[in-house]
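Student: Hi! Could you walk me through this one? I'd like to talk about rings, helices and the sheet.

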Amino acid sequence: MPETIFSQFYAEQQQRFEQFQHQMRQTLDPFGLGETTLKAQKAWLHHPDLLYQAYTSYANDLIRIQGFTLRRYWGEPDSDVIPPHPDDPRFADPIWCDSPFWDSLKEWYLLNTRWLQNNLYATPDLCDQERSISAFWLRQMLNAMAPTNFLLTNPTALATALESKGMSLARGMDNFIRDMGKGDIAMTDLDAFKVGENLATTEGAVVYRGRLLEVIHYQANTPTVHKVPLVLVSPWINKYYVLDLNPQKSIIKYLVDQGFSVFVTSWKNPDSSMSEVSFDDYLTDGVAQIIDVAREISGSAKVNLLGYCIGGTLVTTYLAWANRADPNNVPVETATLLTTLTDFERPGDIEVFIDEDGLDYIDKVMDRKGYLDGKEMAASFRLLRSNSLIWNYWASNYLLGETPMAFDVLYWNMDTTRMPKKMHRSYLRDLYWSNKLVQPDALNLAGQPIDLGKITQPIYMVSAEEDHIAPWKQTFTLADRVSGPVQFTLSTSGHIIGIINPPGPKCKRSYWQGEPAKQQSADEWIEGKEQVAGSWWPNWVEWLKPYSGNQVKPKLSSRKHTKLCDAPGTYVLE
């Protein structure tokens, strides 16, 4: 009996201690940096022979750098013992090569950063995830410590301050105060753009407004249009007008000019009152709702559906849901999926934030507000490319006192939205963490179990070669899971520029295109494919036309869904 009491007592104490550890990690290290770093250090101590080799290599490089530094001061020309990466713009100023002092500072920084990163990747006994997490956070620390980020170790900033008699530093301080007031580092001139004036200017009308979205229908630019309307489901992580940046870049205007009747989701920017809005709601009050509006106005029994990024994940989920609910009456002719993840096994660099402790931390943030602020999510994505998306602007905005150049894509990227607590929690845990979307019937949404194998509609998929948000080889896996035919297109460039890629003489992109065979891997698919110069947009339109019906007289609104206001509407301005 006493043994039972003591066992129960110790079990309770163990449970309390584990809860205390969890709370401390949530407060001090929610993403497991300390634990993973400690494990890496222990791993090296268990392999003293490898540790000795690593330090010997470092000592040899150190001697090389010291000798090089002395010879530079004696007049030897620069030879870059440790050259910067060709894509690293931090040391582009010629002074980093011309001056022995600045050259030696650059070489010492590069020596230490590369030695630390290379040996972290070589750490024995770490799994791939632990290696990725450790490398990611080490990279953040090393990037932050770059000499270009500090006034006294940035020769370009010092020279600019002297030439401007200190005015560059005064402007930098003004920029710093402005950005801190907005809670973000400006990546573009925020005064250069205004939605509805020089962004999102394609003519159209809001024809539906509900608690979750406005539906925008765009004015036809041709005497007749295809009877089957094209419904674009935009990502709600950002605002819809990435599809309508300006007349030259607008995929919406391009489609209207090609004779398509285009409807677009403009999502509500949620506040705390919408904390219980779920993924089911985005399915039924979002995708299903805009399809009903488009069908009623056009008179077409079906629509062609397009989804971009998380909007594509929602479109895929909707197709599986609708095919399960009533396979003979799915109101969708085809689907186009742009940079769309459905298999989250390896979701790219963002996986460094996805573990139990990280998800619990995000839950705590959302519990306090009822939503996840878009700036917090944007900060995570900027960390994935911190040199180009954080420290580049830190140096130029604050040390050089420059105003960022006006760039519409970056303005859109900074125009963030919020995520409802319930929806985002299920999105992160059910999809990113548990990867339930690719498991038949593991996910139940709006009363239906979800099985991607039930999808029979033709699909046109577009992914981007350099996409770090939706890696193309991971998006490719959907082709073998659906039952309908798939055309897969791989565009050059990244998550945005690979999609916002209009045709024309200035188009510098290209693509690979073809139908994957069953059980074919991404590497097998691209092998032997011929690269096609130009934009993929015309190829997609030619694929879409046979599914788009006869030409009919355009109709902007109807008696049931009247024009409420001009595009871009009101939700996009929130």
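Tutor: Happy to; we'll take the aromatic pairs, then a helix, then the sheet, keeping in mind that this is a predicted model.

Student: Great. How many aromatic pairs does the structure hold?

Tutor: There are 31 aromatic pairs. Take Phe-344 and Tyr-427: their ring centres are 6.3 Å apart and their planes stand at 85 degrees, so this pair is edge-to-face.

Student: And where do Phe-344 and Tyr-427 sit in the chain?

Tutor: They link distant parts of the chain, 83 residues apart. Phe-344 is in the loop between strand 7 (332-338) and helix 12 (356-369), while Tyr-427 belongs to helix 16 (residues 421-433).

Student: Is Phe-344 buried or exposed?

Tutor: Phe-344 is buried, and Tyr-427 is buried too. Another edge-to-face pair is Trp-391 with Trp-394, at 5.7 Å centre to centre and 70 degrees between the planes. Both of these tryptophans lie in helix 14 (residues 386-399), three residues apart, about one turn of the helix.

Student: Why does Trp-394 count as partly exposed?

Tutor: Because its relative accessibility is 26%, and buried would require under 20%.

Student: Which residues form an aromatic cluster?

Tutor: Phe-91, Trp-96, Phe-101, Trp-102 and Tyr-109 form one. There is also a charge over a ring: the charged end of Arg-418 sits over Tyr-371, 5.6 Å from the ring centre.

Student: Switching to helix 6, what span should it have?

Tutor: Helix 6 (residues 128-144) has 17 residues, so at 1.5 Å a residue it should span 24 Å. Its end C-alpha atoms are 24 Å apart, which agrees. Its buried residues include Glu-130, Arg-131, Phe-136 and Trp-137.

Student: Now the sheet. What is the order of its strands?

Tutor: The sheet is open, with 11 strands in the order 15-14-13-12-7-6-4-5-2-1-17 and mixed pairing. Strand 15 (532-533) and strand 17 (565-566) stand at the edges with a single partner strand each, so one side of each has no neighbour in the sheet.

Student: How many bridges join strand 4 to strand 5?

Tutor: Three, and strand 4 (residues 230-233) runs parallel to strand 5 (residues 262-267). Leu-232 stands opposite Val-264 of strand 5.

Student: Which strands does helix 11 lie across?

Tutor: Helix 11 (residues 310-325) lies across strand 4, strand 5, strand 6 (303-308) and strand 7, at about 135 degrees to strand 6. Helix 19 (residues 537-544) packs on the sheet as well, touching strands that include strand 12 (459-464) and strand 13 (486-491). Its direction makes about 165 degrees with that of strand 7.

Note on methods: Residues are numbered from 1 along each chain as its sequence is written. This is a predicted model: local features need pLDDT of at least 70, side-chain atom pairs count only at pLDDT 80 or more; totals for chains, interfaces and linings use all residues. Side-chain values use heavy atoms; hydrogens and water are left out. Rings of Phe, Tyr and Trp (its six-membered ring) pair if their centres lie within 6.5 Å; planes under 30 degrees apart count as stacked, over 60 as edge-to-face and the rest as tilted. Helices (H or I, at least four residues) and strands (E, at least two) are DSSP runs, numbered from the N terminus. Buried means under 20% relative accessible area, exposed over 50%, partly exposed in between (1.4 Å probe, protein chains only). A charge sits over a ring if NZ of Lys or CZ of Arg is within 6 Å of the ring centre and within 35 degrees of the ring normal. The expected span of a helix is 1.5 Å times one less than its number of residues. Two strands pair if DSSP finds at least two bridges between them. Contact means heavy atoms within 4.5 Å. Axes are lines fitted to C-alpha atoms, for helices over the stretch in contact, and angles run from 0 to 180 degrees between N-to-C directions.
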